[in-house]
Amino acid sequence: MARILNDNVEEIIVILSCINIKKSFVNELIKNASLTVADGEKVGLLGINGSGKSTLFKIIIGETPKDSGDVLFKSNTKVGYLSQHMFDDGKTIYEELLSAFEDLIKLENKIKELTERIAKENTDTEHKNFEILENLLKEFEINEGYLYESRLRGVINGLGFKEDMLIKNLSGGQKTTLSMAKLLLSNNNILLLDEPTNHLDLKSVLWLEEFLKDYKGAVVLISHDRYFINKICTKIVEIENGITTTYNGNYDFFVEKKAINFEILQKHYENQQKEIKKVEDSIALLKSFNREKSVKRARSKEKSLEKIDRINAPLSAPQNLRLFLTTDRISGNEVLKVRDLSLEPLFKNLNFDIRKGERVALVGPVGIGKTTLFKTILQNTDNIIFGSKVDIAFYEQHQEDALNINNNIFEEIQNTYPYLKNGEIRSTLALFTFTGDDIFKKISSLSGGERAKVLLCKIMLSGSNFLMLDEPTNHLDITSKEVLEEALNNFNGTCFFISHDRYFINRVATRVIELNRNITEYLGNYDYYIEKKSQKNNQNEEISHNINNKLDEKKINAENRAVQKLQDAEKRKIQNKIKSIEKNIVENEEKIKELDIKLQDAEIQTDHVTLSQIFKEKEETENLLLELYVQLEDIQK
């Protein structure tokens, strides 16, 4: 496999290369997928649902055949792929995971047997066995044999298991987690992880983050958890419209770079189209003169046009939901007051306020009572005080409680908002990608993501000014989450939400409330909450750092403004010159039209002197027009 030298002349060994992979089922799913993974590299594979991510994984491990392209591994590479394992239900978790170290345990037993033999044997064979023992001990040490039991217990505890738990008592989600635990402990060079955080609580996700960051092998992961991707991955490969694009950075870098790249490509495409149109128009005009010189000039322009390397229009992303949250009326400044609210054994004497315009995240461990707190607030007891003109909309985490599964999508909206006309319902559902006969799908037949869109549609139509959202990003893909984030950030009402999606909290929350029997408030987003909770950063250093950043920023901004002024002056100079030439072109074109009209005059046609003068004037004007076109072309190069 390839060996690459980076900027520090450090050798990078590529252990996996996918080159021009193509795969079709009914339609072409993967048109051209390429990626490289270096030893120890952490790569995030992104794309909307159905873009071919899992299929590419299966092609890499040989489970699904490719139509064309190459998958190349460095020799002796061991690949670990997260899939369902068949377990012995009679075993404990400890016994099952111990089998991941089968080779090390065999090696350990050999060492024990040989050590015992040496103690019994005579000196004639002792020397030879000492050499064998020394080699075995070296192999055992290289493979970190002395650490396997501590690694085993670390993984069991990190993923929330107990050593003596029987496999037969595990849920489906726990068995998937057990599969991942066994994979993490196996001696692989590269791990392919498809949605590894599914079924994990936040504590286990945090543990897995640290484990994968410290993992010496390479990792390629598919995940909808953007915070998780951002923490682990140093490279992002996106599959979009069947084609892969690589971004050498974390998720935040990918989002920023992708937006910039699209904008640049769109601008280049539009500018080139304008230039092509100008040239085509000038060719048509030159041909209309029907003169040898102008026709020759037109042919020259046509040849130049044929040589242009045409830019393709940027590929549009597949249709996604469009969400616009507006309020029917504005609430008072005080939206919600909670006073001495208790519900034993979950929480006691809770006190907090929510004000107009805030976006407050409620966080806390699984089972601590967050959803219960929401439902208690909605009951509007004596401990709950809503402000004036507060209209509440509630997004229910358990979709079956919020939707009538016997309805179709159209009926669900129509029954909730009977005053809406059929056309209005259809138009609204189209915003959520429900078009044509899709609107008559039964709620019972919808996926979790589709049901989430129906719930969001109902929220949007409510016009409420206080949104209470319980895990709104569950079942949504990354693109849909981004749409929801954008809508909430532009919402002119108030939002109180529960979420385990750390990236979502980071982008939306203006304040974080942590529930753990009592209430602790943090005035900021998720990163701020973690920073303050852990007390890792020194406040004075942070202030000093911010001041230095602002000073550096001011200096850079001043330099940038000076350079920008020079550039702007030069641009204005060129633009003024272009305007002047274009003005002359228009004037000369009008003059030619006027001369053509004169030439058609019957009186002038009988006056040979005047006729000759007009022909001469027209020829001079056409020559001048040609010269102006040349000048315009030169200045626009």
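1. Two strands pair if DSSP finds at least two bridges between them. The model discussed here is a predicted one, and the points below go through some of its strands, helices and backbone details.

2. Strand β18 (residues 511-516) has pairings with two strands described here. With strand β19 (residues 518-522) it shares five bridges, and the two run antiparallel. With strand β13 (residues 359-363) it shares four bridges, and here the strands run parallel. Glu-514 of β18 figures in both pairings: its bridge partner in β19 is Thr-520, while Val-363 stands opposite Glu-514 on the other pairing. Five of the six residues of β18 are buried, so the strand is largely enclosed by the rest of the structure.

3. What separates the strands of the β18 and β19 hairpin? One residue lies between them, and Arg-517 in this hairpin takes a positive phi near 75°. Most residues other than glycine have a negative phi. Arg-517 is not a glycine, yet its phi is positive, at about 75°. Its relative accessibility is 33%, so Arg-517 counts as partly exposed; the cut-offs that matter are under 20% for buried and over 50% for exposed.

4. An open sheet is formed by three strands in the order β12-β11-β14, with antiparallel pairing. The edges are β12 (347-355) and β14 (384-386); each has a single partner strand, so one side of each is left without a neighbour in the sheet. Averaged over neighbouring strands of this sheet, and with direction ignored, the turn of one against another is 5°. Six bridges hold the antiparallel pairing of strand β11 (residues 334-343) with β12, and Leu-336 stands opposite Ile-354 in β12.

5. Helix α11 (residues 370-378) lies across β11, β12 and β14, and runs at about 115° to β11. A residue worth inspecting in this region is Leu-341, which is found in strand β11. Is Leu-341 buried or exposed? Its relative accessible area is 3%, so Leu-341 is buried. Leaving aside residues up to four places away in sequence, Leu-341 touches Phe-347, Lys-348, Asn-349, Leu-350, Leu-373, Thr-376, Thr-381, Asn-383 and Ile-384. One of these contacts, Thr-381, is 40 residues from Leu-341 in sequence, with a C-alpha to C-alpha separation of 9.2 Å.

6. Two further backbone details sit in loops. Most peptide bonds are trans. The bond that joins Glu-344 and Pro-345 is cis, with omega about 5°, and Pro-345 is found in the loop between β11 and β12. Lys-389 has a phi near 60°, a positive value in a residue other than glycine; Lys-389 has its place in the loop between β14 and β15 (392-395).

7. Helix α9 (residues 251-289) and helix α21 (residues 608-635) have axes that come within 12 Å and cross at roughly 160°. Angles over 145 degrees count as roughly antiparallel, and α9 and α21 are therefore roughly antiparallel to each other. The crossing of α9 past α21 is left-handed. From α9, the residues Ser-282, Leu-285, Leu-286 and Phe-289 meet Glu-622, Leu-625, Leu-626 and Tyr-629 of α21. By class, this contact has six nonpolar, one polar and one charged residues.

8. Helix α13 (residues 409-416) and helix α15 (residues 448-462) make another crossing: their axes come within 11 Å, at an angle of roughly 25°. Angles under 35 degrees count as roughly parallel, and α13 and α15 are therefore roughly parallel to each other. The crossing of α13 and α15 is right-handed. Which residues of α13 meet α15? They are Ile-409, Glu-412, Ile-413 and Thr-416, and on the α15 side the residues are Val-454, Cys-457, Lys-458 and Leu-461. The contact of α13 with α15 divides into five nonpolar, one polar and two charged residues.

9. Helix α5 (residues 148-158) has Tyr-148, Leu-152, Val-155, Ile-156 and Gly-158 buried. Gly-160 follows α5 and has a positive phi, near 80°.

Terms used:
Residues numbered from 1 in each chain as written. Predicted model: local features only at pLDDT ≥ 70, side-chain atom pairs only at ≥ 80, totals over all residues. Heavy atoms only, no water. Axes fitted to C-alpha atoms, helices over the stretch in contact; angles between N-to-C directions. Parallel < 35°, antiparallel > 145°, perpendicular 65-115°, else oblique. Left-handed = near helix turned anticlockwise from the far one by under 90°. Contact = heavy atoms within 4.5 Å. Nonpolar A, V, L, I, M, F, W, Y, C, P; charged D, E, K, R; others polar. Buried < 20%, exposed > 50% of the residue type's maximum accessible area, 1.4 Å probe, protein only.
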